[in-house]
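User: Please take a close look at one part of this model, the interface between the two chains. I would like a connected account of what the contact is made of, followed by some context from the rest of the model.

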Amino acid sequence: MSPKAGTRQGWGFVAPALLWTAAFFVAPFALMVWLSLSRLEGRTVVPGPGLDNYIRFFTEPSLLRGLVVSLEITAVVTVVSVALAYPLAAIIAFRVPRRWQRVVLVLAILPFWTSYVVRSYAWLLVLGQGGAVNAALMGLGITEAPLQLSATRFATVTGFVHFFVMLLTLTIYANLVQLSPNYARAAADLGAGRVATFVHVILPLTLPGVVTGAFLTFVLCMGDYITPQILGGNRELTLPQLIMMQLGRRGDFPMASAMAVILMAVVSLAYLACARWLRVERI
Amino acid sequence: MTRAWHLLGWVYLALAFGFILLPVGVLVLFSFQDGRLPVPPFRGPSLRWYADVLADRRLMAGLGNSLLVASVSATVALGLGFLAAVGLARHRLPGAALLRLVLIAPMTVSYLIIALGLLSLYNRAGVGLSLWTAGVGHVVINLPLCFAILYAAMGPHLRAAERAARDLGAGEAAVLWHVTAPMLAPALLAAWFLAFTFSWDEFIIAFLLTRFDVTLPVEIWSLLRSGISPRANAIGSLVFLVSVVVVMVVQLVALRRTRR
C-alpha cells in the first residue's frame, strides 16, 4: 500500500468518530458559547454578541454566590477526600497480602457502581431525621433529640467525599503499586526513618497520581447537580443547581449557557494550575 | 511501636470500609423492610417492596428503556471508538496528537454542560426529545472511553499479526474481523461493559434530553420527589445489582487477560 493510500485509509477509519464528536460535542459547545452572548427578552432570544449575561452573573449576588458555594464545597471535598484516601490506598498497597489486594480493592470501590441518584438517596437514609446515624446516636444515649444532618452542607460534603474517596483510592493505589520497593529500601539504607522516607521519597513520587485524582475530583464535584440537590437542602445553591433553575423556571438558555461557560472556565483554570503534574492520558 | 502502627492500619481499614459500605448496606437492608419507612428499627425481612416495584409498569418501562439505551449507545460508542483507534494506531496521520485530543475532550467536560449543549442544538434544529436524543448524548460521553481503552490495547504485536494476515491475502474487512477484533476481544468486552454501566447509571443527560419515555434513573428521580420509601430502596438495590454483575464480568475478563 502506498503511504498516500494508507493515510487516506487512516482518515476513513477515524472519520466516523470525528464527525460524531464534531456534530454532537463541538457544535453544541459552539452554539452554547454563542447563546451565552445573546439575551433573553420576554420569551425570545435576542442575538448578541453582548456580555449582558456575564455582567449580570458577576453583579447579582444570588448568582455569584452559587459559584462561591460550589468552590467552597469542592475545595473541602477535594482536600478531605485526598486526606482520607491516601492512607487507605497505602494500607491496601503495603499491608494487605498481594493476593488479597484485588478483592479488597474491588470491595472498597463497590458502591462506586451505584448510580449517582441512588447513592445520594442512600446517604439521605443514613443522615435523615430517623436515619441510621441518628438512631445510633440516640440509642447510645449520646444525643437526646435527632440532629439535623441531612439538608445541610455537611450532608452534601459527606455524599461527595464518599464517592471521591473511592475514586482517589483507586488512582493512588495504582500509583503506589507501581513504585519499586527499592526506593524505600534505599532511603532506609541511607538512614531515613519511616516518616522521612514517606515525606521525601514516596510522597513526591506519587504526587502526579494524587494531583490527577484531585483534578478529576475537582471537575466532577464542580459540575454535579444531583448530590447537592438531594442532600443539600435549599438554603444554599451550587452553580449547577442554579444552571438547572435557569432552564426550568424561565427557559433562560442564554443565562444557563453563560453560567456553563463560566463553569468550564473555572475548570480550565484548575487544569492550568496543576497542568505541570497532570497526565491526561492516564485518566 | 511497630505493632501499634500495624494495628492502627487495620483499624483504619475497617473504619474506611464501614464508611464506604454503610450507605449501600442501609439501602439494601431496608429494601427488605416490612413497613412504610426505610429507617430503623428494621422489621422483616419482607419481599413486598420488590414485588411492588416489579409490578410497577412505569418503573419496569424505565428499566426496559435503560437497557435499550445503554446497549445501543455502548455498541455505537464501541464501533466508532474501535475504528478510530485502528485508524490512529495503524496509520501515521498528520495532526494525530490533535485528533486524539479532540476525541478524548468530552471526557473532561461536565455531563451537565454536554447535556445543555445538546439540548440547545435539538431546540434549534427542531428535534423532538426521545430516548434516542439521550442515547446520542451517551455515545458522546462513552466514545472517548472506548477509544482510550482500545487505543491503549493496540500494541506492535497486533500490527505484526495484521501485516501477516494481509501478506497471506486477507482483505481489509477480513483482517479486522478475523485478526484485530479477536486479538482485542478482552479490551472490546471491557470497554463495552464499562460504557454500558456508564449509560445505565447516567442521570443528568437522560433527565434533560428525554421527554415521555424516560430511563430508569429519571424514573427513580421522580419517585424520590414523594420522599423516602422502601420502594426506592428496592429499585435502587436492583439497579445496583445490575451494575455489580456487569462490573464482575469486566473483572473476570480482565483477570483472564492478565493470567494469560
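**The interface of chain A and chain B**

Analyst: Across the interface of chain A and chain B, the rule finds zero salt bridges. This is a predicted model, and the account below should be read as such.

Polar contacts, by comparison, are present: seven residue pairs, both members at pLDDT 80 or more, are in polar contact across the interface of chain A and chain B. On the side of chain A that touches chain B, helix α1 (residues 3-36) of chain A gives the most, with 21 residues. Sorted by class, that side of chain A has 57 nonpolar, 14 polar and three charged residues.

As for extent, the contact takes 74 residues from chain A and 82 residues from chain B. Between them the two chains bury about 7,000 Å², and 83% of this area lies on carbon and sulfur atoms. Of the area that chain A buries against chain B, 11% is supplied by A:Phe13, A:Trp113 and A:Tyr121, more than by any other three residues.

Salt bridges do occur in the model: the count comes to twelve over all chains. One of them joins the side chains of A:Glu72 and A:Arg153, at 2.9 Å from N to O. This pair links distant parts of the chain, with A:Glu72 in helix α3 (residues 61-94) of chain A and A:Arg153 in helix α7 (residues 153-178) of chain A, 81 residues apart.

Turning to the partner, chain B has twelve helices and zero strands. Read along the sequence, its pattern is therefore α throughout, α-α-α-α-α-α-α-α-α-α-α-α. The C-alpha atoms of chain B fill a box of roughly 70 × 65 × 30 Å, taken along the principal axes.

Chain B also carries a nonpolar surface patch of about 320 Å², made by B:Leu68, B:Val72, B:Val76 and B:Trp132. Helix α3 (residues 57-90) of chain B gives the most to this patch, with three residues. B:Val72 has its place in that helix, α3 of chain B.

To return to the request, the contact buries about 7,000 Å², 83% of it on carbon and sulfur atoms, with seven residue pairs in polar contact and zero salt bridges across the interface.

Terms used:
Residues are numbered from 1 along each chain as its sequence is written. Chains are lettered from A and ligands numbered from 1 in the order in which they are written. Side-chain values use heavy atoms; hydrogens and water are left out. Contact means heavy atoms within 4.5 Å. Buried area is the accessible area (1.4 Å probe) that two parts lose on being put together, summed over both. A salt bridge is a side-chain nitrogen of Lys or Arg within 4 Å of a carboxyl oxygen of Asp or Glu. A polar contact is a pair of N or O atoms within 3.5 Å; within protein, one must be able to donate a hydrogen and the other to accept it, and residues adjacent in sequence count only if both atoms are side-chain atoms. Helices (H or I, at least four residues) and strands (E, at least two) are DSSP runs, numbered from the N terminus. Ala, Val, Leu, Ile, Met, Phe, Trp, Tyr, Cys and Pro count as nonpolar, Asp, Glu, Lys and Arg as charged, and the others, Gly among them, as polar. Patches are made of residues with over 30% relative accessible area and no salt bridge: like charges are joined within 9 Å, nonpolar side chains (Val, Leu, Ile, Met, Phe, Trp, Tyr) within 5 Å. Accessible areas come from the Shrake-Rupley method with a 1.4 Å probe; for residues, only the protein chains shown count as cover.
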